Amino acid sequence: MNFDTRWRTLGAMALGVGLLVSSGCAETALVGQLDDSELQDIAVLPLAALGISREVNDIAYGDYIDVYDIGGFTDEIAHAGNRSDELASAIGDAEDFWSGSSSHFEQIQEAVWASYKVVDLAYVLYVVQQEGPGPAAFDTSPIVARAWLVAGQMERLMADHFCEATYQYGPTGGFNVNNLQDLAQENGYEEFDISPGKLNSKAEMYERAAFAFERAAEQAERALAAGDTTGQGEDGDNDVGYNYFDAQIVRDNAYIGLAQARLAMASYGADPAANYAAAAAAAAQAPTDAVDYWNTDGVNLRENGNQDLSWDNDDITHWADTLVINGETQLWGSAFTHLVQAGDLRAARIEDGTGGIQKCYDLATKTGATIEDVMPVDSRTNLVNLANQGCGQSSDAQPINRVMEADEVPRWLLDAWSNEDYDLIATHGTSARLIEAEVALINGDLATFTSKINEVRDFWNAGTPITQPATAGALEFPNTLDDAWSLLDREYLLNEHGNARRMSHLDRWQHPFITENHAIIPRHADLIELQGAGYQRHSCFFIPPDECNLNTSIECPVFD
């Protein structure tokens, strides 16, 4: 894990027998190290809870942002392919990516466990030892609500990215959170299977997330009813005014997460009718302007300055080419670049519309008889050259920050998240509106679908509202925006760009980008073809080698 002079571990715990699962470290806002016995202090509880944000920071925005959190095996951004993991990501090769996936798996599990540990700790302090205000305080604590929320977010992150997972702990007990089993029994919760040989499916992983989100929403609502919104007076504010323990923030975003988890469960065949209905009901509880952050610039939540997200480089970029080959129009480059429209604040990803993406000179459509005529081989095989034709730090053409014309297909150099003052979004209320739109579409209600899509577009100043599509249609790649499913696909891509969610949608939909082996740059299309007739892109990560090699109850993936 990464630490600075303020953030230190609570002390390492032993690994479970044969399981990687978690290194057992949790982080706090304290300087120095604490062992487990030193946690038995109410004064430490808010600091331990703040420490969860450091665990989250360690996951999502480290060295693998380009291939893991944002890109994954998706159409979202272009990779130069200068590293093997970038190349594996660009062509959806889970086998080549496999060896580097252990750190992602381990760190997500560590953040999930740390969240449950805070709930477990609060239960011990307030209920078992009856310290401070006693048991009633446990039921209304915003600190506990926040811990459940982050647990749900991290459980969802695991389900979004991994094909399956095994655990030695859960929201109802397990490794060093055994008190959660008592809590589960008191409330009649169904306990989760955490045996070493249990491989949880996507639907089962999302069920774990849904459980945690439900607890977060219930806990936050009890806190609000009790008038306790700041964690019994503990300071959860930072210098930009974002309160980590604000019960209203926790409540609204817990419902967004719950809607996401229930929608995914339905997509994977888990009681679809009930879970689609539950997803829509949860989404309806969240206002459109609700927002929560993975981390934010300030005193208590670790700012981005520790791991600046500098995408303004040659390896990771947004660019677009329109090629006309023998009369056939071909679109190359990130789907985001082709689908975003002039004025859409989702381009900048900064809500006041400043900064974000450098809009570079538009390049004329290239026309020829073959791809070689319009795109030389050296450009096809070197994305660094390709991405910098007309845009980029190493290009002779300087980026210009001008308003994009409505009919342009520009080359954009992504400059969002490149300074420590940007707050990284975990969930947003606009995603709740898209969930309502998707459920309406599944139910054949195109009028409600259209209304919900336009609520999102209006929020982001995304231009002309859509008209009600004539048909539901189907997903496609490239996206021609000619039916309801295509319009929904565009809005999800633009709305959750940079939020580590694209791969989850491609997988649960079995999107044509995956099933038809598409690529977003010619070089990668060539490489996919070279894999042979039986090659198939993947849309999730396998159980990593450290986990399956140490856990003798499961087997590692077998590659042909």
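**Exercise 1. Work out what share of the 560 residues in the protein chain is buried.**

*Solution.* Start with the whole chain: buried residues make up 61% of its 560 residues. Keep in mind that you're looking at a predicted model. Next, take the surface. The chain exposes about 19,700 Å², and carbon and sulfur atoms supply 48% of that area. Finally, count the secondary structure: there are 22 helices and 13 strands.

**Exercise 2. Decide whether serine 486 is buried or exposed, and find what its side chain pairs with.**

*Solution.* Step one is to locate the residue: serine 486 sits in helix α18, which covers residues 484–495. Step two is the accessibility. The cut-off for buried is under 20% relative accessible area. Serine 486 has 1% relative accessibility, so it counts as buried. Step three is the side chain, which makes a polar contact of 3.0 Å with the side chain of glutamate 476. Step four is the list of neighbours. Leaving out residues up to four places away in sequence, serine 486 touches Ala474, Glu476, Asn479 and Leu481. Glu476, then, is a residue that serine 486 touches and also its polar partner.

**Exercise 3. Put the strands β8, β9 and β11 in their order within the sheet, and pick out the edge strands.**

*Solution.* First, a reminder: strands of a sheet pair through backbone hydrogen bonds, either parallel or antiparallel. Here the three strands form an open sheet in the order β9-β8-β11, with mixed pairing. The edges are β9 (328–333) and β11 (366–368), each pairing on one side only. From one strand to the next, the twist averages 25°. Now zoom in on one pair: β8 (residues 320–325) and β11 run parallel and are joined by three bridges. For a concrete example, leucine 323 has lysine 366 in β11 as its bridge partner.

**Exercise 4. Find which residues have the most contacts inside the largest nonpolar core, and which helix gives the most to it.**

*Solution.* The general idea first: in soluble globular proteins, nonpolar side chains tend to be buried together. In this chain, the largest nonpolar core has 111 residues, and Tyr116, Trp148, Phe449 and Leu488 have the most contacts inside it. Helix α5 (residues 102–128) gives the most, with 14 residues. Apart from this core lies another, of 21 residues, including Phe336 and Leu506. Now have a look around tryptophan 148. Setting aside residues up to four places away in sequence, it touches Tyr116, Val119, Pro171, Leu183, Phe211, Ala212, Arg215 and Ala216.

Terms used:
Residues numbered from 1 in each chain as written. Predicted model: local features only at pLDDT ≥ 70, side-chain atom pairs only at ≥ 80, totals over all residues. Heavy atoms only, no water. Helix = DSSP H or I, 4+ residues; strand = E, 2+ residues; numbered from the N terminus. Buried < 20%, exposed > 50% of the residue type's maximum accessible area, 1.4 Å probe, protein only. Areas by Shrake-Rupley, 256 points an atom, 1.4 Å probe, with all protein chains shown as cover. Polar contact = N/O pair within 3.5 Å; in protein donor to acceptor, adjacent residues only side chain to side chain. Contact = heavy atoms within 4.5 Å. Pairing = 2+ DSSP bridges. Axes fitted to C-alpha atoms, helices over the stretch in contact; angles between N-to-C directions. Core = buried A, V, L, I, M, F, W, Y, C linked by side-chain atoms within 4.5 Å.
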